[in-house]
Amino acid sequence: MGETYESAGVDIAAGEQAVQRIKDQVRSTFRPEAIGDIGGFGGLFDFSRHGYKRPVLVSATDGVGTKAYVAAASGRLSTIGIDLVAMCVDDLVCQGAEPLFMLDYISAGKLDPERIEQLVVGVAEGCRQAGCALIGGEMAEHPGPGSGDEPDGAFELVGFAVGVVERSRLITGAKVRPGDALIGLPSPGLRSNGYSLARRLYFEVAERGLDDPAWEGSAHSVADELLLPSVIYAPAVRHMLSKVEAAAIAHVTGGGIVGNLARVLPGTVDTVVDRSRWDLPPVFAELQRIGNVADEEMAKVFNLGLGMIVAVRDKDATKAIDLLRTGGHRATVVGEVQKGDGRVRFTGEFAQSDS
């Protein structure tokens, strides 16, 4: 008998079974504009019902990085899809866009239909939270050696999202001016960034296991902290934008507060961020302690407890905060915009959270 695809390590039947298992999850995310069904060569979305005068489509793509390794090693796969959706749709809303639909891509050395289903459960939950439709995706079996760093059952999870905004409502950062208030939206955990360093600190430097306490006296394990799902900010921010104009929005991902605020600033202003205005979640203090990580390095790698920062006129800050809190986020003013040359500066010292 000749060689087959299965003998090379690819199980077509497993892929087909996985598709059948995820159909209900995918359908649960459909908006009225989603047409067709899972299994086509392309996802379909009817845009004709939107009443935009000059619609601008906004697209974003991202992954979950090596947070996937923690999920694979722990066998806890049902929430990391939420992280994927957050990374994509919260980029869209930084330019004022409403997330419309999303596609995902999953690759693994071996396709296990049950594990694939768990991953898609998370993606579908994220899409429901964000109000966007999961209209397509792809899964692939890639047998063979990887980098050697991956745990058993490692996978790659990436996504692509599309949103829309009226041309006149597009947020570019060009309207930022001195005196604007900076409103921070809390992030209780790492979201999906800084995991190469976090994993090194916890597993190599501190030599802790996934089930060990995340810090001394913690009721949370290392796995609990590292797999805490990313908050999805897009719906609350979109609601705020319907009532209050934002001059700029920064999604705090790779590069931390400094790198991401700098992306949305014109070169004529600085932002001054007051660290005493919000609590530093204990996981960040613990990571810094384990590795004796410098403050500057922490600020470049991690979100330090803020997942999104919105710049609004100072007179609108109270209204914006009320709207964001109505959306479930304990927003607060964390700084201001001053005349400058595009720098991000910090003042104050962090308050330590006990939770």
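## A tour from a helix pair to two loops

Helices α5 and α9 are oblique to each other, and they make a good opening stop in this predicted model.

**Stop 1: the helix pair.** Select residues 195–205 for α5 and residues 282–291 for α9. Two packed helices are described by the angle between their axes and the distance between those axes. Here the angle is about 60°, and the axes lie 10 Å apart. An angle of about 60° falls short of the 65 to 115 degrees that would count as roughly perpendicular. Turn the view until one helix lies in front of the other: α5 passes α9 in a left-handed crossing.

Now show the side chains where the helices meet. From α5, pick A198, L201, Y202 and V205; from α9, pick V283, E286, L287, I290 and G291. If you colour this contact by residue class, you will find seven nonpolar residues, one polar and one charged.

**Stop 2: the loop before α5.** Which residue should you select in the loop between β7 and α5? Try N193, which sits in that loop, with β7 covering 181–186. Is N193 buried or exposed? Its relative accessible area is 17%, and the limit for buried is under 20%, so N193 counts as buried. To see its surroundings, leave aside the neighbours within four places in sequence and display M87, V252, T253, G254, V301 and F302, with which N193 is in contact.

**Stop 3: an exposed loop residue.** Move next to D152, in the loop between β5 (133–141) and β6 (155–166). In contrast to N193, which is buried, D152 is exposed, with a relative accessibility of 75%. Add A73 to the selection and check the distance between the two C-alpha atoms: D152 and A73 are 79 residues apart along the chain, yet these atoms are separated by 6.8 Å.

**Stop 4: the whole chain.** Zoom out and switch to a cartoon view. The protein chain has 11 helices and 14 strands. Its radius of gyration is 21 Å, close to the 20 Å that the globule rule gives for 355 residues, so the chain is as compact as a globular protein of that length. Align the view to the principal axes, and the C-alpha trace spans about 75 × 55 × 30 Å.

Colour by accessibility, and 51% of the 355 residues count as buried. A contact map makes a fitting last picture: among contacts between residues at least 6 apart in sequence, 84% join residues at least 24 apart.

How values were computed:
Residues numbered from 1 in each chain as written. Predicted model: local features only at pLDDT ≥ 70, side-chain atom pairs only at ≥ 80, totals over all residues. Heavy atoms only, no water. Axes fitted to C-alpha atoms, helices over the stretch in contact; angles between N-to-C directions. Helix = DSSP H or I, 4+ residues; strand = E, 2+ residues; numbered from the N terminus. Parallel < 35°, antiparallel > 145°, perpendicular 65-115°, else oblique. Left-handed = near helix turned anticlockwise from the far one by under 90°. Contact = heavy atoms within 4.5 Å. Nonpolar A, V, L, I, M, F, W, Y, C, P; charged D, E, K, R; others polar. Rg over C-alpha atoms; globule rule 2.2 N^0.38 Å. Buried < 20%, exposed > 50% of the residue type's maximum accessible area, 1.4 Å probe, protein only.
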